[in-house]
Amino acid sequence: GIHCVAAPLLDRHGHTIAAITIAGPATRIPASKFATIGQTIITAANDAARAAMAAQQLRDLAANVASDVGAHNTFVEGIADQLEALNHGDAGNNAVVMEAVAKMLDANKKLATRLEDAEHKIETQAEEIRTQQSEARTDALTKLANRRAFDAFLAESVEKYARDGKPVSLVMLDVDHFKKLN
């Protein structure tokens, strides 16, 4: 017979958006291993959901920073317009100019703080993405490099040898009943 083990992939609201499924002959996916395989699938699903959420948070952060910069520009343009109106030379204008400059400095400090916060959040998200990329190239059960890591290494190696003008070869073996050798 055939066995199938699956886990849902959830969005940030907890709604199911997909499923990760492993199916195969009952001899390769015995019922005794359902819990272990299921946990591996759940971990993979959670990792995928975390990566999707990290990407969404980066998009949201970029939109917020763009909005903050736009609001800051509008504010500074308003102050510049006020200063332009004062060009007619009144003795009381010095106080107005000083107040306008103080407002601009305050606005700049607030924007700098928001940008520093955004930079920190981006660095945190970048680290999360690096972790996800590493985990995506590692088998959850064996902690060894998986097929994705192999494919990337192979592509890099072939490109390097082609660039260096050196020959390259690859030998692959398909060992039946590997468990007997293991």
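**Entry 1, overall fold**

I read along the sequence and found that the protein chain follows the pattern β-β-α-α-α-α, which comes to 4 helices and 2 strands. I note at the outset that I am working with a predicted model. I then looked up the overall dimensions, and the C-alpha atoms of the protein chain fill a box of roughly 95 × 50 × 20 Å along the principal axes. For the radius of gyration I found 29 Å, whereas a compact globule of 182 residues would have a value near 16 Å. I also checked burial across the chain, and 14% of the 182 residues count as buried. Among the contacts with a separation of 6 or more, I found that 50% are between residues 24 or more positions apart.

**Entry 2, the largest nonpolar core**

I looked up the largest nonpolar core next, and it has 5 residues, namely Val5, Ala7, Ile29, Ile37 and Ile41. Strand 1 (2-10) and helix 1 each supply at least two residues of this core. I keep in mind that nonpolar side chains tend to be buried together in soluble globular proteins. Taking Ala7 as one member of the core, I listed its contacts beyond four places in sequence and found Ala18, Ala19, Ile20, Ile41 and Ile42.

**Entry 3, Ile22**

I went on to Ile22, which has its place in strand 2. Ile22 has a relative accessible area of 35%, so I enter it as partly exposed. Setting aside residues up to four places away in sequence, I found that Ile22 touches His3, Cys4, Val5, Ile29, Ile37 and Ile41. For the pair Ile22 and Val5 I noted a C-alpha to C-alpha distance of 5.3 Å, with their positions 17 residues apart in sequence.

**Entry 4, the largest pocket**

I turned to the empty space in the model, and the largest pocket has a volume of about 1300 Å³. I counted its lining at 36 residues, with Ile22, Arg28, Asp139, Leu141 and Thr142 lying nearest its centre. Ile22 therefore enters my notes a second time, as a partly exposed residue that is also one of those nearest the pocket centre. I then asked which elements build the lining, and strand 2 (16-25), helix 1 (34-85), helix 2 (93-136), helix 3 (147-164) and helix 4 (178-181) each supply at least two residues. The largest share, 8 residues, comes from helix 1. Sorting the lining by class, I recorded 15 nonpolar, 9 polar and 12 charged residues.

**Entry 5, Ala26**

I looked up Ala26 in the loop between strand 2 and helix 1. Its relative accessibility is 21%, and because buried means under 20%, I enter Ala26 as partly exposed. Leaving aside neighbours within four places in sequence, I found Ala26 in contact with Gly1, Ile2 and His3. Ala26 and Gly1 are 25 residues apart in sequence, and I read 5.4 Å between their C-alpha atoms.

**Entry 6, His72**

I took up His72, which has its place in helix 1. His72 counts as buried because its relative accessibility is 12%. Leaving aside neighbours within four places in sequence, I found His72 in contact with Ala107, Asn108 and Leu111. Since helix 2 spans 93-136, I note that these contacts of His72 fall in that range.

**Entry 7, Gln133**

I closed with Gln133, which is found in helix 2. Gln133 has a relative accessible area of 48%, so it is entered as partly exposed. I looked up its separation from Thr74 as well, and the two residues are 59 apart in sequence and 40 Å apart in space, C-alpha to C-alpha.

How values were computed. Residues numbered from 1 in each chain as written. Predicted model: local features only at pLDDT ≥ 70, side-chain atom pairs only at ≥ 80, totals over all residues. Heavy atoms only, no water. 1 Å grid on protein atoms, 1.4 Å probe; cavity = no way out; pocket = protein on both sides within 12 Å on 5 of 7 lines; lining within 4 Å. Points joined across faces, edges and corners; volume = space filled by probe spheres on them. Nonpolar A, V, L, I, M, F, W, Y, C, P; charged D, E, K, R; others polar. Core = buried A, V, L, I, M, F, W, Y, C linked by side-chain atoms within 4.5 Å. Buried < 20%, exposed > 50% of the residue type's maximum accessible area, 1.4 Å probe, protein only. Contact = heavy atoms within 4.5 Å. Rg over C-alpha atoms; globule rule 2.2 N^0.38 Å.
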